[in-house]
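Work through the exercises below with the model open. Try each task before reading its solution.

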Amino acid sequence: MNDVPAPTRPALAVAPGGLPLLGHALPFIRRPLQFMSSLSACGDIVELRFGPKKNYLICNHDLVHQVLMNPRTFDKGGALYEKPRLLLGNGLVTSGWQDHRSQRRLLQPMFHPRKIEDYAAMLAEEIDSFTASWQPGSVVDVTDAMHSLSARMSIRTLFANHVSEEGTAELLHWLPVFLQGVYERAFMPLAFLEKLPTPKNRRFELSVVRLRQLIKDSIHQARQSDANEHSLVSLILDASDAKTQERLDDDEIRGQVENLLFASAATNGSALAWCFHLLGQHPEIDEQLHDEAEQVLHGEQPGFRHLPQLELTQRVFAETLRLYPPGWIFSRITTEEVDLGGTRLPAGSTVLYSPYVLHHDATLFPAPERFDPNRWLPEQRKLIPAHAWIPFAAGNRKCIGDGFATAESVLTIARIASRWRLRAVPGSTIRPQVHSTLSPGPVPMTIECRPSKR
């Protein structure tokens, strides 16, 4: 167990500072990470309002685990899913419990470890192609670069070669506009504000139209091609339920593709950006990671077979996800009245939980602000309480692509670290951007070619 004693706090508390009509929307919008983290000291469950709506933030990791392991009672829903469901359809990420069961059964085989191995070479090609234009001494915005690389890998995995460069560029352009708009609408205290004909609202509406059309066109291209056997879309097109033999219709296919694309491209890009930022702040760990990449890869493209040997790289990535989980806040809806930790929550209650808040709890992780990959060494990991690290959630709603995302990110980090050193630009300031994902914002870093030590 950790040496830090657990503080005594009430089972249920009310968040301070609520305003008439707005509730706690202003502090949440202005400084969401600090505001939500401050609530964990108030109680195991903290009541707060966005406009007139009550929400319950769960700050106890055991109670969060109960929520995640009981998806019938704590179903996908609430502000963070209502808007995306309207825009993305009833796909794997946004669907409710009943639909999710059949969807998960249909899509799970596509994320078997053998499939990850099939895609490893494809991803390595994308990494090398993307970094081929890097010039030693030049400065890149690592956040922009990693989001672009991650989106390209997601597009390649989903569609193989059935999206043009122009289509890829447009997807990259509209995706952040869409994600920011969904987040703002989820917590908008007054619903009519999203209907106002402001330039920002119009831009968001255009992003919805363009992204939907681009994805629809890409699915059509994949359906018409005879060479799409290595894309996830081709597997979705051919998939049938093992029990009912039913196939997805066109709207369901589009919804699943949109769900998978938006979930993977945004989250992986943010995680990789945070990772290289942290390595730039800790050059000694960066050097150790380079040594490992050289010893394991021997100059080869990284593949599935290398993953078990990239131990430090995996620890670095795990610690990055602890400090800065891209999916930093989630919501659920109670389908019936329920007792949670001694607190009665009525049916229809919105329950929130935040991996960021849990991962920065000093009772769970000593020195929680410190970047320490060694806390994931086997002997140290035993000291971390069960259910405390949840970047991919848990239970049968755990991210279906967690293994895929981890493998993709670890191989990307190793490949880049084996060839390039990214140094922080002196005097640059990181200003995290908090919306549907947690991003570091612009991270200028200088590119250096890393000479081989072999």
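**Exercise 1: A helix and its buried face**

Task: find which residues of helix H2 (residues 32-39) are buried.

Solution. Pro-32, Leu-33, Phe-35, Met-36 and Leu-39 are buried in helix H2. Seen down the axis of H2, these buried residues fall within an arc of 170 degrees, so they line one face of the helix. Buried means under 20% relative accessible area, exposed over 50%, and partly exposed in between (1.4 Å probe, protein chains only). Helices (H or I, at least four residues) and strands (E, at least two) are DSSP runs, numbered from the N terminus. The arc is that of the directions from the helix axis to the C-beta atoms.

The basis of the values: this is a predicted model, where local features need pLDDT of at least 70 and side-chain atom pairs count only at pLDDT 80 or more, while totals for chains, interfaces and linings use all residues. Residues are numbered from 1 along each chain as its sequence is written, and side-chain values use heavy atoms, with hydrogens and water left out.

**Exercise 2: Confidence and overall form**

Task: state where confidence is lowest and where it is highest in the protein.

Solution. Start with the average: the protein has a mean pLDDT of 86, and 93% of the residues score at least 70. pLDDT is the predictor's confidence in each residue, from 0 to 100. Next, the extremes. Helix H4 (residues 79-88) is lowest, at a mean of 68, and H13 is highest, at 98. Where pLDDT is low, the predicted coordinates should not be read in detail.

Task: decide how the radius of gyration of the protein stands against the globule rule.

Solution. First count the elements: 16 helices and 13 strands. The radius of gyration is 22 Å, close to the 22 Å that the globule rule gives for 454 residues, so the protein is as compact as a globular protein of that length. The radius is taken over C-alpha atoms, and the rule is 2.2 Å times the number of residues to the power 0.38. The C-alpha atoms fill a box of roughly 60 × 55 × 45 Å along the principal axes. Of the 454 residues, 55% count as buried.

**Exercise 3: The nonpolar cores**

Task: name the residues that touch the most other members of the largest nonpolar core.

Solution. This core has 111 residues, and Met-36, Trp-134, Met-146, Phe-276 and Trp-328 touch the most other members. Helix H11 (residues 250-281) gives the largest share, 15 residues. Apart from this core lies another, of 17 residues, including Val-338, Leu-340, Val-351 and Ala-393. A nonpolar core is a set of buried Ala, Val, Leu, Ile, Met, Phe, Trp, Tyr and Cys residues joined through side-chain atoms within 4.5 Å.

Now take Phe-276. Leaving aside neighbours within four places in sequence, Phe-276 is in contact (heavy atoms within 4.5 Å) with Val-142, Met-146, Ile-413, Ile-416, Leu-422 and Met-445.

Task: trace the surroundings of Leu-289 in helix H12.

Solution. Leu-289 is buried, at 0% relative accessibility. Not counting residues up to four places away in sequence, Leu-289 touches Leu-279, Leu-312, Thr-313, Val-316, Ile-413 and Ala-417. Leu-289 and Ile-413 are 124 residues apart in sequence, yet 9.0 Å apart in space, C-alpha to C-alpha.

**Exercise 4: Salt bridges**

Task: follow the salt bridges of Glu-287, beginning with Arg-421.

Solution. A salt bridge is a side-chain nitrogen of Lys or Arg within 4 Å of a carboxyl oxygen of Asp or Glu. The count comes to 20. In the bridge between Glu-287 and Arg-421, the closest N and O atoms are 3.3 Å apart. Glu-287 lies in helix H12 (residues 283-297) and Arg-421 in strand S10 (residues 420-424), so the pair ties together parts 134 residues apart in sequence. Glu-287 is partly exposed at 23%, whereas Arg-421 is buried at 14%. Glu-287 also meets Arg-450 in a salt bridge (3.6 Å, N to O). Arg-450 sits in the segment after strand S13 (444-449), 163 residues from Glu-287. Arg-450 is buried, with a relative accessible area of 5%.

Task: give the N to O distance for Glu-319 and Arg-375.

Solution. The closest N and O atoms of this salt bridge are 3.0 Å apart. Both residues are buried.
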